[in-house]
Amino acid sequence: GEGRIYPHEETMSGPKADRLKLFHATNMNLSQIFGLFPDETGAVQSTLDTAVARALPIEATDHLGVVSRLWPVTDQRAIAEVSRLLAPKPVFIADGHHRYETALRYLDDKTKSGDVTGPDAPANFVLMMLVSMHDPGLVILPTHRLVSGTGAMTASEAQAILGPHFTLETVGVGPDAARETWERIEMDGSQELLGFGTVSDGVWMTGRFRSTELMADLAKEHSPAWRGLAVAVLQRVVLERLLPGARSKEPKCQYVHLLKEVTDAVAARSCELAVLVPPATMTHVEEIAGNLEKMPPKSTFFY
């Protein structure tokens with residue numbers, strides 16, 4: 001509630017309880033929080049690049065053959081300059097919402113137990129990796145949904161359920177149709193188009209959401225930017241309202257990032273409906289988090 005650190009995603013109680021146990025068991029930060037900051041001119045990165053230009057990295061190769069290189073910055077002038085540049089900037093949490101909220105809870109626990117004796121107490125701090133929102137290597141990947149708990153559903157049944165609110169177009173059957181569905185979503189580039197795969201018959205279709213009035217009614221408490229997100233439409237309209245039994249018990253979702261994970265799950269029939277979701281953009285994250293709103297869980301996957 002203080003400062004300029006903005007979350008953008010709802011959290012879940014189970015993962016937070018798990019992470020709190022880990023904090024108390026180890027008294028360590030084992031995984032950094034991924035934070036984003038605005039830096040249109042690249043001033044922060046330029047300062048760091050200058051500091052490490054003549055330095056040799058620490059290098060390690062892991063069991064998968066991945067090479068990691070780390071350049072420690074020890075130049076006090078560079079550290080002071082980066083601190084000065086970052087001080088007034090907001091930080092948007094890209095990944096690690098559960099870890100961040102748990103770090104605050106851990107600080108509260110440590111304060112109550114008398115272990116926090118001043119501003120330099122370790123519990124006052126949490127490990128963060130900070131990346132410029134304007135870094136050319138930064139992308140947001142999609143998080144697709146594998147939905148269970150709806151009962152077996154054919155394409156014609158899905159069309160009857162979704163048809164009143166989506167303009168549906170059948171793409172085809174099988175993994176090739178899944179790939180074409182995703183290509184259409186990527187080419188479209190909007191937040192209006194979702195892909196639906198009915199597992200019982202392997203049919204894939206695109207669905208363009210057209211009931212903005214319904215979304216405005218179902219999400220009155222949110223801004224137009226939030227209501228326009230594909231993942232928000234999926235959550236509020238499809239999962240919470242339209243699917244069989246949704247109003248009494250929300251269907252269960254498994255979250256995956258790769259198209260192959262989706263097609264493998266459909267082939268194994270480990271879900272009943274697969275949904276391909278376009279990723280949100282950095283502009284969405286900045287605007288929605290800046291409004292102090294939170295997207296539905298697993299809305300973004302930063303890479």
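This passage describes strands, a helix, a pocket and salt bridges in a predicted model.

Strand β2 covers residues 33-37. It is mostly covered, with five of its five residues buried. The side chains of β2 divide between two directions. I33, G35 and F37 point one way. F34 and L36 point the other way. All of these residues are buried.

Strand β2 pairs with β6 and with β5. The pairing with β6 is parallel and holds five bridges. Within it, I33 stands opposite M128 of β6. The pairing with β5 (residues 91-95) is antiparallel and spans three bridges. Here L36 has F92 as its bridge partner in β5.

A further pairing involves β3 and β4. Strand β3 comprises residues 58-61. Four bridges join β3 to β4, and the two strands run antiparallel. A60 stands opposite S68 in β4. The two strands form a hairpin, with five residues between them. In the turn, G65 has a positive phi of about 90°.

Helix α1 runs from residue 13 to residue 26 and has 14 residues. From its first C-alpha to its last it reaches 20 Å. That is close to the 20 Å expected at 1.5 Å a residue. Just after α1, N27 also takes a positive phi, of about 55°.

Rolling a probe the size of a water molecule over the atoms shows where empty space is left. The largest pocket has a volume of about 1,100 Å³. It is lined by 23 residues. Closest to its centre are Q45, L48, M129, L130 and V131. Four elements give two or more residues to the lining: α2 (43-52), β4 (67-70), α3 (76-86) and β6 (128-132). Strand β6, the parallel partner of β2, is thus one of these contributors. Strand β4, which forms the hairpin with β3, is another. By residue class, the lining holds 16 nonpolar, four polar and three charged residues.

Side chains of opposite charge can pair when their charged atoms come close. The structure holds 19 salt bridges. One of them joins E101 to K294, with the closest N and O atoms 3.5 Å apart. E101 lies in helix α4 (residues 97-112), while K294 lies in the loop between α11 (282-290) and β14 (301-302), so the pair ties together parts that are 193 residues apart in sequence. E101 is partly exposed, at a relative accessible area of 22%. K294 also counts as partly exposed, at 26% relative accessibility. K16, E101 and K294 are linked in a network of salt bridges. Residue 16 falls within α1, which spans residues 13-26.

Helix α4 holds another salt bridge, between D109 and R105. The distance from N to O is 3.4 Å. D109 and R105 are four residues apart in α4, about one turn of the helix. R105 counts as partly exposed, at 46% relative accessibility.

A further salt bridge links E221 and R236, whose closest N and O atoms are 2.8 Å apart. E221 lies in the loop between α7 (212-218) and α8 (224-227), and R236 lies in helix α9 (residues 230-242), so the pair ties together parts that are 15 residues apart in sequence. The accessibility of the two partners falls into opposite classes. E221 counts as exposed because its relative accessibility is 52%, over the 50% cut-off. R236 is buried because its relative accessible area is 17%, under the limit of 20%.

Note on methods: Residues are numbered from 1 along each chain as its sequence is written. This is a predicted model: local features need pLDDT of at least 70, side-chain atom pairs count only at pLDDT 80 or more; totals for chains, interfaces and linings use all residues. Side-chain values use heavy atoms; hydrogens and water are left out. The expected span of a helix is 1.5 Å times one less than its number of residues. On a 1 Å grid over the protein atoms alone, a cavity is a set of points where a 1.4 Å probe fits but cannot get out, and a pocket is an open set with protein on both sides within 12 Å along at least five of seven lines; lining residues have an atom within 4 Å of a point. Grid points are joined across faces, edges and corners, and a volume is the space filled by probe spheres set on the points. Ala, Val, Leu, Ile, Met, Phe, Trp, Tyr, Cys and Pro count as nonpolar, Asp, Glu, Lys and Arg as charged, and the others, Gly among them, as polar. A salt bridge is a side-chain nitrogen of Lys or Arg within 4 Å of a carboxyl oxygen of Asp or Glu. Buried means under 20% relative accessible area, exposed over 50%, partly exposed in between (1.4 Å probe, protein chains only). Two strands pair if DSSP finds at least two bridges between them.
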